Every structure is written in C-alpha cells, then in structure tokens.
Amino acid sequence: MSPETTGTVDFKVGSKVYKTWIPVVFYDQLGNGQSTHLNDPPKDFWTPELFMDELDNLLDKLGIPDRFDLLGQSWGGMLAGQYAATRAPKGLRRLIILNAPASMELYQEGVDSLLDKFRPEFVAMLKKHEQEGTTTSKEYQEGTMTFMKKHVCTLDRWPADVVTSFKAYMENPTVYNTMQGSSEFRVTGSLKTWSIVDILHKIAYPTLYISSPQDEVQEVAVMPWLSRVPKIEWAKLVNSSHLGMYEEKDRYLRILKGFLDSS
C-alpha cells in the first residue's frame, strides 16, 4: 500500500473557499502505481476479494476501521459497493459511488450503445483488431483514445494526475488486462460476469451515486444502484463523461460537500 493522507482539505468553489477537517486518504492498490507490483501470480490471484482484504488491511493500519466514509470511482466504486454489501463494515458511515456499473454485462451493453453512434467503419476497425488479437496496434490505440476523449474525459487538456495514472497503467497493465481485458470496449477479463445487482439491497448505509450522461458507464448500468440501494441519493454531472470530478470540479465538490454535511 502507498497511502497519501491530508489532515485538512481546502477547496474553492467560485469565490468561496471551503475547509473540511475530514482526513482524506488516497492509496494505490496492489499491483498499481507505487504499490507492490506482482507480474507472475496466476490470473485467479486478482479478485475483488483480494482488494477488499487490502482495503481492510489499510483501514486497520490507519486505525480507522470503526469510523470512516468510503468513496469509489469506476472500478473503485464497483469494489466499494461489493465491500459494503458483502462485508457490512460496522465503521462505515457513508458510501459515495461515482461512475461505477452494477454489472459488467450491463456496462458492456451501455458501451455497445455508445459505439453504435460512431461511424460503422470505426467500429469495424475496433472489432477487427479485437478478433485478430492486435489491440496493441497504433490504429487500435488511437481508436481507444477517440472513444475516451468523448466518453472518459472531454477536457481538451487532461489533468496531470490523470495523465500520470494512464502512464502508470501503460507501464504495467497486468491487473487491468487480467480483470478488464485489453480495452474499455470489450470486457474479456475475469470481471466479465461480475455483478452485484442481486446484493445491492444489502447496502444499508447512506449512499450517494454520481453519474454523467456521456459516461462510458451508461444509465442501463447505473439504474440497479438507484432502484435497489435503500438509502441512496442520485446526482448528475450533466456536462461530463467518466471523469466528472475534473470536468465539472466545482459542481462535483458542491454535491459531495452537500451530501457529507446532510447525511
């Protein structure tokens, strides 16, 4: 684990500066960033259960298992939802989920619907490379970026930490390739059949879900959260895609602060 903590967090919305005294912890998961990288374990080593164990280890190490909030975005949101539903941690106070599907099959359905809006020859090119196993080719990678600029991050210039994150992934894509697959378009990894739809009702915590219309995680993959989690609020970042916390930072922070203040 490679956690980073801050005692306070200041953020500016318009001309107003907010201060929160809630410590914030960001950490690199096993196999990612500055945490330990393991290139040779069997594919079944990388499981949600492993990463939930790692989260428990981090909470214990920091001495906060009895009182904490949990925020997860994308894969982090999937993991946070499964963690809350299956382990029912006693110290969890509030759950925040951003841009995370409730099912990878529903995620794939949503991505397919987005691809249908691209030129047929573009989609045919992607499928050709996927069928031939040439997804590392320049053409396919450029196609991936075309999709991501529309449905992952729409900013003309990506924030430095987003660029750093993608660079770290490209340096060692072991975990991503094993669990997701070769790209955002086609889920072929171990998470292909992942779903928590049937256990979402077990999430008993006040929950905030934030989504965006142009997100690669489409509403079909979002709705199970909203219909099955008992105490859930839904907020939309309507001018964003998958990384709304960057694309609409001010509104995102207002939504987040409002939830934390009221729940």
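User: What is the relative accessible area of Lys-236?

Analyst: The model is a predicted one. Buried means under 20% relative accessible area and exposed means over 50%. Lys-236 falls in between, so it counts as partly exposed, with a relative accessible area of 31%.

User: Which residue meets the side chain of Lys-236 in a salt bridge?

Analyst: Lys-236 lies in strand 8 (residues 232–236), and its partner lies in helix 8 (residues 219–228), so the pair ties together parts 17 residues apart in sequence. The partner is partly exposed, at 41% relative accessibility. With an N to O distance of 3.7 Å, the residue that meets Lys-236 is Glu-219.

User: How many bridges join strand 7 to strand 8?

Analyst: One place to look is Tyr-209, which stands opposite Trp-234 in strand 8. Strands 7 and 8 run parallel, and the number of bridges joining them is 5.

User: Which residue in strand 7 is the bridge partner of Ile-97?

Analyst: Strand 6 and strand 7 run parallel and are joined by 4 bridges. In strand 7, the partner of Ile-97 is Tyr-209.

User: Which residues of strand 7 point the other way from Thr-207, Tyr-209 and Ser-211?

Analyst: In a regular strand, side chains alternate between the two faces of the sheet. Strand 7 (residues 207–211) has 5 of its 5 residues buried, so the rest of the structure largely encloses it. Thr-207, Tyr-209 and Ser-211 point one way, and pointing the other way are Leu-208 and Ile-210.

User: How many residues of the largest nonpolar core come from helix 2?

Analyst: In soluble globular proteins, nonpolar side chains tend to be buried together. Here the largest nonpolar core has 51 residues, and Phe-51, Leu-70, Leu-115, Ile-203 and Trp-225 have the most contacts inside it. Helix 2 gives the largest share of this core, and the number of its residues there is 7.

User: How many residues are in the second, separate core?

Analyst: This core includes Ile-96, Leu-237, Tyr-252 and Leu-256. Its number of residues is 18.

User: Which residue forms a salt bridge with Arg-94?

Analyst: Arg-94 is buried, with a relative accessible area of 8%. The closest N and O atoms of the bridge are 2.8 Å apart, and the residue paired with Arg-94 is Asp-69. Arg-94 lies in strand 6 (residues 92–98) and its partner in strand 5 (residues 68–73), so parts 25 residues apart in sequence are tied together by Arg-94 and Asp-69.

User: Which residues are linked with Asp-53 in a network of salt bridges?

Analyst: Asp-53 in helix 1 (residues 48–62) pairs with a residue in helix 2 (residues 75–87), 34 residues apart. That pair meets at 2.9 Å, N to O, between Asp-53 and Arg-87. A further acidic partner joins the network, so the residues linked with Asp-53 are Asp-56 and Arg-87.

User: Over which residues is the pLDDT below 50?

Analyst: The chain averages a pLDDT of 92, and 92% of the residues score at least 70. Where pLDDT is low, the predicted coordinates should not be read in detail. The stretch below 50 has 27 contacts in the model beyond near neighbours in sequence, and it covers residues 1–8.

User: At which residues does UniProt place the feature "domain: AB hydrolase-1"?

Analyst: The span is 44% helix and 12% strand, and its end C-alpha atoms lie 21 Å apart. The unreviewed UniProt entry places this feature at residues 24–247.

How values were computed. Residues numbered from 1 in each chain as written. Predicted model: local features only at pLDDT ≥ 70, side-chain atom pairs only at ≥ 80, totals over all residues. Heavy atoms only, no water. UniProt positions renumbered as here; feature names shortened; annotations may be inferred. Helix = DSSP H or I, 4+ residues; strand = E, 2+ residues; numbered from the N terminus. pLDDT = per-residue confidence, 0-100. Contact = heavy atoms within 4.5 Å. Salt bridge = Lys/Arg side-chain N within 4 Å of Asp/Glu carboxyl O. Buried < 20%, exposed > 50% of the residue type's maximum accessible area, 1.4 Å probe, protein only. Core = buried A, V, L, I, M, F, W, Y, C linked by side-chain atoms within 4.5 Å. Pairing = 2+ DSSP bridges.
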